[in-house]
Amino acid sequence: MREPDVAEVGEMSVLARRMRGGTRPEEGRLTAAMTAATTRHLWVGWLDPKLMRQCDDAIEADVRNFLSGLAVKEVIPERNGARVGAYVLLSSPIDQQTFKNLQQRLYRGSFKITVDDQQPEDQDKATKPCPRLTGPAKSCRGWNLSGHAKWHMACSFSHAEQYRPTFHAKFSYEDLQAGSAKYDEIETDLLRSAPFPSSDGSERAPRILKVRRIRNETLERLYDERKAYTTQKQGSVEERELWHGTSVEALSDLLTNGLQPPADRKAGERCARSGGKNLCTTLCDRTCQHCVEPHRWHRCHMFGLGVYFADVSRKSHRYVSSKRDPTTGKEIYSLLRCRVCLGRPYLIEGHLLHPDAMHDFVLCDDPSDMLESIADEWMPSGHDAFYVRGLQRSVKSGLGVYNSEYIIFHAWQILPLYRVDYTLS
C-alpha cells in the first residue's frame with residue numbers, strides 16, 4: 001500500500017468529518033452487548049483513524065495491544081470509509097465478566113471504543129434489525145452470508161424484508177422507440193460482438209424484439225446516495241454503462257430489490273423464492289431453511305462473490321437463461337444494461353495463482369497475494385470495484401479471462417437502466 005498524496009488526504013478528511021470514528025477513536029456500536037455464556041468472536045472499533053493509511057500488520061499490532069492479556073488467534077481489519085475497526089478471533093472463549101471488563105477498557109489509555117460480540121449465531125441479535133441495513137449505508141454485506149469461508153462476514157442481526165430499503169420499491173417499464181438515438185446505441189453495442197452461442201451450440205445473430213427503460217425510484221435514489229458517498233471518499237468516480245446476464249426468472253426480484261452481491265450458499269430447489277430459476281446462489285437471506293448448502297468454487301465467480309458486468313454483450317449473453325415464447329416457440333433472451341459506479345476500480349491484469357484463489361472474496365479487498373503479477377497499487381482509501389482486463393489469446397485457461405470483466409460488491413453501485421429482449425436467428 002502506497003502513502004496517500006495531499007489531495008487524497010484532503011478528500012478523506014471531508015469524509016472523515018461526516019463519519020463517527022473518522023477523526024478520532026470512539027464507540028462504533030452503541031448497542032454492543034453479549035448475551036451468550038461465552039464467545040471467541042469480537043468486533044472492536046473505531047480505532048485510531050490514522051491506521052487507515054497504514055498496513056494490516058499495523059492494525060493487528062494495535063488491536064493485540066488493546067487486547068493484551070488475551071490469546072488472539074486472528075485479527076481481520078475493517079476499513080470503512082475514513083475509519084478503522086477489526087474483527088477478532090480469540091484462541092479460547094471468554095465469559096461474560098471478561099467481556100464486560102473489556103468493554104470498560106480504555107483504548108490507548110484515553111478513548112472509549114466498542115467491544116462487541118461477533119459470534120455468527122447470536123440468537124439475541126437475530127431478533128433485532130441490522131444497524132447497517134437500517135443506518136445511513138442502508139446496506140449490510142453479511143445479510144446473505146453464512147460465513148463458512150469468511151466467519152467475520154456473517155451478520156447475526158435480522159434482515160427481514162421490512163428492514164430493507166427496497167421494501168416498498170416497485171419497478172416499471174417504458175418502451176424505447178426503435179430508431180431513437182439510445183435504441184440505436186444499444187443495438188449497435190449489442191451487435192458489436194455477434195454472433196452469440198445458442199442453446200444447441202451453434203452461433204447465431206441476435207435480433208432485438210424490444211428495449212425497455214427500467215424505472216425504479218428507490219434504486220435510483222440509493223444509487224445517487226452511494227455515488228455521492230463514493231465521490232466524497234475518492235474525490236471523483238468512474239461510471240460506465242455495462243452488460244449483465246442472468247436468469248430471466250429472477251429479473252422481477254432483481255429489478256425490485258437491486259442486483260445484490262451473491263450469497264455464499266446455493267439456491268435450494270424447494271425454495272419458493274430461489275428454487276427452479278437456474279441460479280447457482282440463493283436470492284434469500286441467511287435464515288432460509290431451504291438454501292443451506294455452501295456455495296463452493298465450481299469454475300464460477302473467479303474474482304469473488306460480486307456482481308459481474310462486461311463491456312462485450314456476447315460475454316454477458318453466456319450467463320442468460322432463455323424463456324420459450326408460448327406462441328412462437330422461440331427462445332427469448334434478456335440482457336440488462338446497467339449504469340455502474342466503479343468509483344476508483346482496482347486493475348487486475350494477469351493471472352490468478354490458482355483457479356479458486358479469489359472465489360471467497362465478498363468485498364473489494366486487496367487481492368495482491370492471489371495474483372501472479374501486480375498491475376496496480378492498492379490505495380489507502382481502498383477501491384470500489386475490480387476491473388479485470390481481458391488477456392485475449394494470452395490467457396491461461398481457468399486463471400484469467402479472455403474478455404474484460406467488472407466486479408461490484410455493493411448493490412447500490414448498480415442501477416439497472418434497460419432490459420433488452422432478443423432472439424437468435
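This report walks through a few strands, cysteines, cavities and buried residues in one structure. Keep in mind that the model is predicted.

**Strand S1 and its partners**

Let's start with strand S1, residues 38-45. Six of its eight residues are buried, so the strand is mostly covered. S1 pairs with strand S3 (residues 83-95) through seven bridges, and the two run antiparallel. If you want a spot to click on in that pairing, try Leu42, which sits opposite Val88 of S3. S1 also pairs with strand S4, residues 114-117, again in the antiparallel sense, with four bridges between them. Here Val44 of S1 has Val115 as its bridge partner. As a general point, side chains in a regular strand alternate between the two faces of the sheet.

**Cysteines without disulfides**

How many disulfides does the structure hold? The count is zero. Cys288 is in no disulfide, and the nearest cysteine sulfur, in Cys291, lies 3.7 Å away. Since a disulfide needs the two sulfur atoms within 2.5 Å, that distance falls outside the cut-off. Cys288 is also buried, at 13% relative accessible area. Then there's Cys130: why is this residue not bonded to Cys140? The Cys140 sulfur is the closest cysteine sulfur to that of Cys130, but at 3.8 Å it is too far for a bond. Cys130 counts as buried too, because its relative accessibility is 1%.

**Two cavities**

On to the empty space. The structure holds two cavities of 30 Å³ or more, and the table sets them side by side.

| Cavity | Volume | Lining by class |
|---|---|---|
| Largest | about 80 Å³ | five nonpolar, three polar and two charged residues |
| Second largest | about 60 Å³ | five nonpolar, four polar and three charged residues |

Who lines the largest cavity? Its lining includes Trp143 and Trp412, along with Leu133, Pro165 and Cys140. That is the Cys140 whose sulfur is the closest cysteine sulfur to that of Cys130. Lys138, Arg164, Ser139, Thr166 and Gln260 also line this cavity.

For the second largest cavity, the lining includes three histidines, His148, His295 and His359. Among the other residues around this space are Lys150, Asp264 and Asp360, plus Gly147, Ala149 and Met153. Leu145, Leu305 and Val362 belong to the lining as well.

**Two buried residues**

Leu336 lies in strand S12, residues 331-343. Is Leu336 buried or exposed? Its relative accessibility is 0%, so Leu336 counts as buried. Leaving aside neighbours within four places in sequence, Leu336 is in contact with Ile214, Leu242, Trp243, His244, Leu251, Leu255, Leu259, Tyr418 and Arg419. For a sense of distance, Val395 is 59 residues from Leu336 along the chain, and their C-alpha atoms are 27 Å apart.

Now for a loop residue. Thr246 lies between strand S9 (238-245) and helix H7 (251-257). Thr246 counts as buried, because its relative accessibility is 12% and the limit for buried is under 20%. Which residues does Thr246 touch, not counting those up to four places away in sequence? They are Leu251, Leu254, Leu279, Tyr319, Val320 and Ser321. Leu251 turns up in both contact lists, touching Leu336 as well as Thr246.

Definitions and conventions:
Residues are numbered from 1 along each chain as its sequence is written. This is a predicted model: local features need pLDDT of at least 70, side-chain atom pairs count only at pLDDT 80 or more; totals for chains, interfaces and linings use all residues. Side-chain values use heavy atoms; hydrogens and water are left out. Buried means under 20% relative accessible area, exposed over 50%, partly exposed in between (1.4 Å probe, protein chains only). Two strands pair if DSSP finds at least two bridges between them. On a 1 Å grid over the protein atoms alone, a cavity is a set of points where a 1.4 Å probe fits but cannot get out, and a pocket is an open set with protein on both sides within 12 Å along at least five of seven lines; lining residues have an atom within 4 Å of a point. Grid points are joined across faces, edges and corners, and a volume is the space filled by probe spheres set on the points. Ala, Val, Leu, Ile, Met, Phe, Trp, Tyr, Cys and Pro count as nonpolar, Asp, Glu, Lys and Arg as charged, and the others, Gly among them, as polar. Contact means heavy atoms within 4.5 Å.
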